[in-house]
Amino acid sequence: MDLALTPEQEMLKSAVRGFIQQEYPKNVLLEMAESGDAVPSEPWQKLVETGWMGILIPQEFGGEGGSFTDAGVMFEELGRGPVPGPHISSSVLSAFAIMAGGSDVQKREWLPAIARGERLLVPAVTEADYSWHPEDVHAVARSNGSGVQVDGVKVYVFDATFATHLLCAVRSENGNDVGLVMVPADSPGVSVRPLEGFGWNLAEVRLENVSVDPSNVLGGSIAGGWSALIQGIGNTIPILCAYQVGACQAVYEMSVEYSRTRVQFGTPIGRFQRVQDHIINLVNQLDAARWTTYETLWKMDAGREATDSIHLAKAVGSTAYHEACNFAHEVHAGVGSMTEYGLTLHTAASRTLYHYLGEPRVHKRLLADTLGL
Amino acid sequence: MDFEPRYTQEQEEFRQEVREWLKDNVSPDISHPADSAKSGPEQYDLRRDLGRRLGSKGWLWATAPEEYGGGGLSLDHAVVLEEEVDSYGLTIPPYYDSGGRLGGASIMVWGSEEQKQEFLPKIFRGEVRTWQLLTEPEAGSDVASVKTRAERNGDEYVINGQKVFVGSDLGCDYMWTLTCTDNEAPRHQNLGWFMIPADLPGITVQPMDLLIAGGESGAGSGVKNTVYFDNVRVPAFNLVGGENEGWKVATTHLELEHGSGGRIGRNWMVDNLFDYCRKTNRRGEPLTKDPDVRDRLIDIYMEAEVARLFNLRNYWMRHSKTNLTYEGPQASYFRKMSGLRMSTAILDILGPSALTHDETWGAGNGHMESHQRSAIVAIHPGGTADIQKVIMARRIGIGREVRERAGALA
């Protein structure tokens with residue numbers, strides 16, 4: 001038993017932390033949130049150049065071939081920002097979906113390009129009947145002479161505004177299968193419209209008479225694509241959870257610092273047990289997320305059956321981030337609601353990651369199924 | 001990272017050895033009544049006997065140094081032992097021994113060499129059972145305000161006072177006791193710890209009438225007592241850590257009691273509850289098929305998993321000597337509150353069958369009913385849930401001007 005990171009992981013952690021502090025200071029993150037221009041941008045370009053986007057992609061496909069725990073350590077640091085961009089959506093989820101369901105040719109074409117950040121392949125799954133079930137996928141891929149024609153409306157698509165390509169969940173012409181098609185975002189008939197409000201980089205994606213080359217159908221056939229996506233989601237959740245852990249950690253540190261320095265009634269507010277309650281609730285959420293996440297990462301690396309842990313980690317981790325932000329707002333009161341303070345970057349992210357890849361409610365139900373209840 | 005003990009070939013052989021040994025040495029007569037108050041002297045004798053046998057192998061306090069009667073074994077050996085004993089539904093030690101666990105650890109840190117030689121081998125070999133005595137009628141959460149007086153008289157101290165919520169049924173051999181060694185000295189500079197032989201004249205033990213005798217030790221205690229000291233003469237040798245130095249000793253004791261020792265293993269109550277819900281029908285279907293019940297069960301499962309991981313983390317931190325801050329009281333707080341929430345969920349799912357241990361109509365052989373009581377009682381031992389939060393805040397560095405450090409753990 002050893003719950004410490006390896007010396008190499010500690011080095012990676014501090015390298016990523018230093019990089020984020022340098023390239024993604026609060027003012028940059030606030031500007032990105034305001035403009036929506038996180039990608040392309042100078043910090044993003046530098047992030048891609050580090051090679052970290054290929055951390056989970058095997059070396060034979062141009063990545064670093066790191067372990068899940070290595071990647072967890074790295075993404076935990078990105079979560080502290082929270083650093084925006086299609087790092088999880090493209091370089092983790094889409095990469096895993098291709099590894100699970102792509103042909104050899106597709107792997108050789110797509111994975112190195114994703115690792116290098118040249119292609120930002122963002123999954124577009126959910127639709128008007130929002131869910132992560134294949135029954136609710138109505139977008140269609142039809143044969144169209146020599147090509148494939150894709151039609152449909154994808155909604156609440158996370159990171160779509162950053163995409164060079166969209167990994168679209170589509171139904172086969174006969175309606176029987178749901179699979180994945182890689183659609184260049186600049187194809188005629190594709191339009192991406194940001195959804196304004198409290199969401200974090202959510203968009204609507206319209207696909208109207210979009211023609212794509214048949215070589216862009218994952219695995220060469222619609223059948224089998226959905227299971228590749230599900231495998232990808234299973235592998236991505238622990239990484240997403242690590243990102244949430246870093247985010248919770250940042251929110252916690254921010255709240256502790258504020259409660260030590262904010263003076264009311266002539267004393268730092270952290271001396272008040274009412275305020276301490278919020279901090280304690282927050283750190284309990286943080287640590288619940290941390291240890292469910294890292295046990296899952298360890299199971300993945302050790303080749304253990306991890307399905308129960310994956311659902312547990314997502315249900316605990318997304319709840320934790322959401323609750324952590326709520327407790328932080330109770331500590332910060334008015335100051336926390338001021339955009340320039342920076343807490344609301346996390347609050348907005350916590351809401352979107354709450355539902356991304358399935359709400360806690362969904363994963364609790366899947367956990368019950370997995371445990372044989 | 002590695003969330004499981006790493007077993008070498010040698011340790012796997014050790015597991016086989018432990019398994020074989022337990023097969024021969026755990027009496028088939030050892031039983032597990034839902035309420036430990038129903039566990040009589042025969043059960044206690046069987047458990048003490050097992051404790052002595054474990055102790056003579058160095059397996060009772062496996063990681064304690066051999067020179068003091070411990071096993072001198074590695075953390076992973078200790079984990080093997082705990083896992084194998086856990087498979088019998090037992091803990092190490094297999095009986096209530098709060099003073100051995102906490103007093104032993106405190107003496108390891110603060111005792112003189114002579115005191116270590118005197119007290120530790122008896123504890124580590126399972127020859128004695130020890131209670132801890134802290135709480136008094138006027139000193140609960142504010143434990144530093146104890147009034148039980150220890151006054152020097154020649155080579156002895158004379159002890160007078162009253163302790164409550166003490167120990168278990170069936171007595172003990174030693175009383176690990178916090179006293180006031182100076183009525184005039186400032187707070188925290190007026191305390192002293194004694195290892196008191198339980199058979200000294202002037203000691204009276206009187207059982208308390210409680211909802212249930214809960215404890216955090218893992219082994220049911222049966223009952224709790226009031227203990228009266230009436231001019232009890234204790235050799236000065238038995239004062240551990242020095243006169244008026246008791247608070248520093250208490251920091252070690254309390255650190256462990258507040259959950260920093262950690263724990264491995266899972267919550268069997270969750271398994272029992274799942275099992276009960278699979279086998280119990282409502283409207284023609286197992287309870288586990290009712291969506292509301294499933295939701296409740298998963299909430300419980302998730303909290304139990306988080307509690308398991310907090311305990312595992314603390315176990316590792318303690319044994320790898322990683323610097324602890326708020327983690328001990330966090331685990332304790334979480335365990336207490338999730339236990340209470342679990343009891344509510346059980347009542348919600350089971351209804352009135354959770355409120356009786358009637359042989360015909362009580363659920364789960366009375367374990368569900370005893371959980372309804374023990375979840376409430378568990379809020380206070382080892383520091384109330386609120387006290388755990390107070391300590392967490394100090395350790396996080398917001399409760400006081402100077403951030404509090406955790407107590408030394410050897």
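The following exercises, each with a worked solution, concern the interior and the empty spaces of a predicted model.

**Exercise 1. The nonpolar cores**

Identify the residues with the most contacts inside the largest nonpolar core, and the helix that gives the most to this core.

Solution. In general, nonpolar side chains tend to be buried together in soluble globular proteins. Step one is the extent of the core: the largest one has 195 residues. Those with the most contacts inside it are A:Tyr24, A:Phe75 and A:Leu78. Step two is the contribution by element: helix α7 of chain A, residues 225–261, supplies 16 residues, the most of any. Step three is the second core, which is separate and has 23 residues, among them A:Val150, A:Leu166, A:Val205 and A:Leu207.

The surroundings of A:Tyr24 may then be listed. Apart from neighbours within four places in sequence, A:Tyr24 is in contact with A:Phe19, A:Leu29, A:Met32 and A:Pro43, and also with A:Trp44, A:Leu47, A:Val83 and A:Pro84.

**Exercise 2. Cysteines and disulfides**

Determine how many disulfides there are over all chains, and why A:Cys325 has no bond to A:Cys248.

Solution. A disulfide is a covalent bond between the sulfur atoms of two cysteines. The cut-off required here is that the two sulfur atoms lie within 2.5 Å. For A:Cys325, the closest cysteine sulfur belongs to A:Cys248 and is 7.0 Å away, so the pair is too far apart for a bond. Over all chains, the count is 0 disulfides.

As a further step, burial can be assigned. The limit for a buried residue is under 20% relative accessible area. A:Cys325 has 0% relative accessibility and is therefore buried. B:Cys277 also has 0% relative accessibility, so B:Cys277 counts as buried.

**Exercise 3. Two enclosed cavities**

Describe the lining of the largest cavity and of the second largest cavity by element and by residue class.

Solution. The structure holds 2 cavities of 30 Å³ or more.

- The largest cavity has a volume of about 70 Å³. Its lining includes A:Leu93, A:Trp132, A:Phe158 and A:Tyr356. Strand β3 of chain A (residues 147–158) gives the largest share, 3 residues. By class, the lining has 9 nonpolar residues, 1 polar and no charged.
- The second largest cavity has a volume of about 50 Å³. It is lined by B:Arg266, B:Asn267, B:Val270, B:Tyr301, B:Ala304, B:Glu305 and B:Arg308. Helix α8 of chain B (residues 291–319) gives the largest share, 4 residues. Here the classes are 3 nonpolar, 1 polar and 3 charged.

**Exercise 4. The second largest pocket**

State which residues are closest to the centre of the second largest pocket, and which element gives the largest share of its lining.

Solution. The volume of this pocket is about 1000 Å³. Of its 45 lining residues, B:Ser141, B:Val143, B:Leu254, B:His258 and B:Gly383 are the closest to the centre. Elements of chain B that give two or more residues to the lining are α4 (98–110), β1 (130–133), β3 (156–166), α6 (246–260) and α11 (385–396). The largest share comes from α6(B), with 7 residues. Division by class gives 17 nonpolar, 16 polar and 12 charged residues.

**Exercise 5. The setting of A:Ser191**

Establish whether A:Ser191 is buried, partly exposed or exposed.

Solution. A:Ser191 belongs to strand β6 of chain A, residues 190–194. Partly exposed residues lie between the limits of 20% and 50%. At 34% relative accessibility, A:Ser191 is therefore partly exposed. Beyond residues up to four places away in sequence, A:Ser191 touches A:Glu204, A:Val205 and A:Arg206. A:Ser318 is 127 residues apart from A:Ser191 along the chain, and their C-alpha atoms are separated by 30 Å.

Conventions
Residues are numbered from 1 along each chain as its sequence is written. Chains are lettered from A and ligands numbered from 1 in the order in which they are written. This is a predicted model: local features need pLDDT of at least 70, side-chain atom pairs count only at pLDDT 80 or more; totals for chains, interfaces and linings use all residues. Side-chain values use heavy atoms; hydrogens and water are left out. A nonpolar core is a set of buried Ala, Val, Leu, Ile, Met, Phe, Trp, Tyr and Cys residues joined through side-chain atoms within 4.5 Å. Buried means under 20% relative accessible area, exposed over 50%, partly exposed in between (1.4 Å probe, protein chains only). Contact means heavy atoms within 4.5 Å. On a 1 Å grid over the protein atoms alone, a cavity is a set of points where a 1.4 Å probe fits but cannot get out, and a pocket is an open set with protein on both sides within 12 Å along at least five of seven lines; lining residues have an atom within 4 Å of a point. Grid points are joined across faces, edges and corners, and a volume is the space filled by probe spheres set on the points. Ala, Val, Leu, Ile, Met, Phe, Trp, Tyr, Cys and Pro count as nonpolar, Asp, Glu, Lys and Arg as charged, and the others, Gly among them, as polar.
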